[in-house]
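Me: I should like to learn how to read the features of a structural model. May we begin with the cysteines and proceed from there?

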Amino acid sequence: MSSSQASEAILVEGLHKSYGDWPVLWDLNLSVGWGEFVVLFGANGTGKTTLLRVLSTQARPESGTVKVSGFDCVRRAESVRSRVGVVGHSGFLYEDLTCRENLMFYGQLFRIDHIRQRVDDVLSQVGMTQRADHRVKTLSHGMQKRVAIARAILHQPQVLLLDEPEGGLDQESLAMLSSLLSEWTQAGRTVVMTTHNVELGLSWADRVAVLSDGGLQFQDSETCRDSAKLRRRLTPEPSPEADGETAQTAGNSNE
């Protein structure tokens, strides 16, 4: 970590975020260090994507402090955007442009030096050199995801935010992504990823968290390496009232 770099890659304190009258995140706290790989688990609708959108400045929090690389995500949004790379459910790619043209466009936005060489490098990293001059709309979903990953790492961001990046990837592509992310964190950069794939998340992460009831529940090291324990944490136990209703329904059906 350089002397000018913030002490933490990500710092979230007292984050509140709602959509209309529907609260999604409330009083959420999170700290992620440099070179750390954190995986977020949670049921659908618990706010995993919303949290990544706030961290990448795509969504604005109602209250709380959110900093990435030391920059406030509200007051210094442009500085944050130059330091994060995002792989979301949308690839943020122009379908009528080729892979190379897409990356050249984003490279110009980020004012990357030696842009042509950098584009060639990231295309090689994601195994898309042979398809570099194919239009995005002609590619399979998995290949488009590879190009989206190339776009996210193009400007060598300090923090990568990945929202279920494994979707649509075959085993070869997953191995490529795993290797890339390992190199990323070894270089002192930070990764935060969401996934529903427990085994994959546990095998890639340094630390995992479960998002529920608007906040994060971090697991101890033993739970982090025990998929059965983590699955139990991710599956809510039925309430006694629900059990009673189920038993009553079953009894009525037998009458």
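Reply: Certainly. Please keep in mind throughout that this is a predicted model. By the distance rule applied to cysteine sulfur atoms, the count of disulfides comes to zero. In general, a disulfide is a covalent bond between the sulfur atoms of two cysteines.

Me: Are C73 and C99 buried or exposed?

Reply: Burial is judged by relative accessible area, and a residue under 20% counts as buried. C73 is buried because its relative accessible area is 6%. C99 also counts as buried, since its relative accessibility is 0%.

Me: How should I read an open sheet, and what is the order of the strands in the sheet of four?

Reply: One reads the order of the strands and the sense of their pairing. Here the order is β2-β1-β4-β5, and the pairing is antiparallel. β2 (22-32) and β5 (71-72) stand at the edges with a single partner strand each, so one side of each has no neighbour in the sheet. Within this sheet, five antiparallel bridges link β1 (residues 10-19) with β4 (residues 63-68). I10 stands opposite V68 in β4.

Me: Which strand is joined to β6, and in which sense do the two run?

Reply: β6 is joined by four bridges to strand β7 (residues 159-163), and the two run parallel. V84 has V159 of β7 as its bridge partner. Strand β6 (residues 84-87) is covered on both faces: V84 and V86 are buried on one side, and G85 and V87 are buried on the other.

Me: How is a pocket recognised, and what is the volume of the largest one?

Reply: Rolling a probe the size of a water molecule over the atoms shows where empty space is left. The largest pocket in this model has a volume of about 390 Å³. Its lining comprises 16 residues, of which S56, R81, S82, V84 and F110 lie nearest the centre. Two or more lining residues come from each of α2 (77-81), β6, α3 (99-109) and α5 (141-153). β6 gives the most, with three residues.

Me: Finally, where is T190 placed, and what does the side chain of T190 reach?

Reply: For a single residue, one considers its element, its burial and its contacts. T190 belongs to strand β8 (residues 190-194). T190 is buried, because its relative accessible area is 0%. The side chain of T190 reaches the backbone oxygen of G33 at 2.9 Å. Beyond its neighbours within four places in sequence, T190 is in contact with several residues, including A9, W34, V159 and W184.

How values were computed: Residues numbered from 1 in each chain as written. Predicted model: local features only at pLDDT ≥ 70, side-chain atom pairs only at ≥ 80, totals over all residues. Heavy atoms only, no water. Buried < 20%, exposed > 50% of the residue type's maximum accessible area, 1.4 Å probe, protein only. Pairing = 2+ DSSP bridges. Polar contact = N/O pair within 3.5 Å; in protein donor to acceptor, adjacent residues only side chain to side chain. Contact = heavy atoms within 4.5 Å. Disulfide = S-S within 2.5 Å. 1 Å grid on protein atoms, 1.4 Å probe; cavity = no way out; pocket = protein on both sides within 12 Å on 5 of 7 lines; lining within 4 Å. Points joined across faces, edges and corners; volume = space filled by probe spheres on them.
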